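Work through the exercises below with the sequence and the model in view. Each task is followed by a solution in steps.

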Amino acid sequence: METKPVITFLKTLLIVYSFVFWITGAILLAVGVWGKFMIGPYISLIAENTTNAPYVLIGTGTVIIVFGLFGCFATCRGSPWMLKLYVMFLSLVFLAELVAGISGFVFRHEIKGTFLRTYTDAVLNYDAEDEKSLAVDNVQSSLRCCGVYNYTSWLGSVFYPANGFPLSCCSNSSDCSPQDLRNTTINHTKVYQQGCYELVTSFLETNMAIIAGVTFGIAFSQLIGMLLACCLSRIITANQYEMV
């Protein structure tokens, strides 16, 4: 009988944890959907090949939502085998997030190198119409930059000889016309002087440690759920044997 308060206490903690876990799944799902429709072009500049990162987030978020609900159900039912299954899933999530965090931190320099290659290629082959060209325009207009290292990166592009700089390079849209951008005498005075590569890589370098730390924090939070589920499963099992 004395184990009932302990079981009730553990159940309460595990239900709260499962609810928080469910919320993280909903956040991942939302970020995946947002990434697919809002930052898909940016991702295409970082990845040399087509990336499934948004779909991975959507899939992971959906699975976490399902198992978060399963964790609540298993806790309410007090089923040892359900709780053990929940522990197994949390273990897999823990390992996956740990590997993702370590990989992102270790390979951050490779990510920067990949971005340099893909962004340079997008600038040189810019046509103002395809997905990567539109992504270049988004990066330049939002970050207020022009070219890879600076605006001279555009001089070797297939776009420049006939069109000059793209409109997204204009530092002052009210005083920057397509004719100005084609005029080699004054066009360099109408565009942003800073390149985009430095801005993007500075952001990555500054925030990668923060991103990795958040990932590790979320990963190690799974240990709490694993510990609670394991303890609850063992106590319930032991209590059932005592009752028999």
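A disulfide is a pair of cysteine sulfur atoms within 2.5 Å. The model is predicted: local features need pLDDT of at least 70, side-chain atom pairs count only at pLDDT 80 or more, and totals for chains, interfaces and linings use all residues. Residues are numbered from 1 along each chain as its sequence is written, and side-chain values use heavy atoms, with hydrogens and water left out.

**Exercise 1. Unbonded cysteines**

Task: Explain why the sulfur of cysteine 230 has no bond to the closest cysteine sulfur.

Step 1. The closest cysteine sulfur to that of cysteine 230 belongs to cysteine 231, at 6.9 Å, and this is too far for a bond.

Step 2. Seen from the other side, the sulfur of cysteine 231 has its closest cysteine sulfur in cysteine 230, again 6.9 Å away and too far for a bond.

Step 3. For the surroundings, use three classes: buried is under 20% relative accessible area, exposed is over 50%, and partly exposed is in between (1.4 Å probe, protein chains only). Cysteine 230 has a relative accessible area of 34%, so it is partly exposed. Cysteine 231, at 31%, also counts as partly exposed.

**Exercise 2. The disulfides**

Task: State how many disulfides the structure holds, and describe the link of cysteine 145 and cysteine 196.

Step 1. There are three disulfides in the structure.

Step 2. In the disulfide of cysteine 145 and cysteine 196, the sulfur atoms are 2.0 Å apart. The angle about the S-S bond is 100°, and the link is right-handed.

Step 3. To place the ends, take helices as DSSP runs of H or I with at least four residues and strands as runs of E with at least two, numbered from the N terminus. Cysteine 145 sits in the loop between helix H6 (131–143) and helix H7 (160–163), while cysteine 196 sits in helix H9 (residues 196–243), so the pair ties together parts that are 51 residues apart in sequence. Cysteine 145 and cysteine 196 are both buried.

Task: Do the same for cysteine 146 and cysteine 169.

Step 1. The sulfur atoms of this disulfide, formed by cysteine 146 and cysteine 169, are 2.1 Å apart.

Step 2. Its torsion about the S-S bond is about 85°, so the disulfide of cysteine 146 and cysteine 169 is right-handed.

Step 3. Cysteine 146 is in the loop between H6 and H7, and cysteine 169 is in the loop between H7 and helix H8 (178–182), so parts that are 23 residues apart in sequence are tied together. Both cysteine 146 and cysteine 169 are buried.

Task: Find the handedness of the disulfide of cysteine 170 and cysteine 176.

Step 1. Cysteine 170 is joined to cysteine 176 with an S to S distance of 2.0 Å.

Step 2. The torsion about the S-S bond of cysteine 170 and cysteine 176 is about -60°, so this disulfide is left-handed.

Step 3. Cysteine 170 counts as buried at 7% relative accessibility, and cysteine 176 counts as buried at 10%.

Step 4. Counting bonded cysteines along the chain gives the disulfide pattern 1-6, 2-3, 4-5.

**Exercise 3. Aromatic pairs**

Task: Find how many aromatic pairs a search of the whole structure gives, then describe two of them.

Step 1. Rings of Phe, Tyr and Trp (its six-membered ring) pair if their centres lie within 6.5 Å; planes under 30 degrees apart count as stacked, over 60 as edge-to-face and the rest as tilted. The search finds 12 aromatic pairs.

Step 2. One of them is stacked: phenylalanine 19 and tryptophan 22, with 6.4 Å from centre to centre and 10° between the planes. Both residues lie in helix H1 (residues 3–38), three residues apart, which is about one turn of the helix.

Step 3. In the pair of phenylalanine 67 and phenylalanine 89, the ring centres are 3.9 Å apart and the planes are at 10°, so the pair is stacked. Phenylalanine 67 is in helix H3 (residues 53–77) and phenylalanine 89 in helix H4 (residues 80–106), 22 residues apart, and the pair links distant parts of the chain.

Step 4. Phenylalanine 67 is partly exposed at a relative accessible area of 25%, whereas phenylalanine 89 is buried at 10%.

Step 5. Phe67 and Phe89 belong to one aromatic cluster together with Tyr17, Phe21 and Phe70.

**Exercise 4. The whole chain**

Task: State how many helices and strands the protein has, and what share of its residues is buried.

Step 1. The protein has nine helices and zero strands.

Step 2. Of the 244 residues, 39% are buried.
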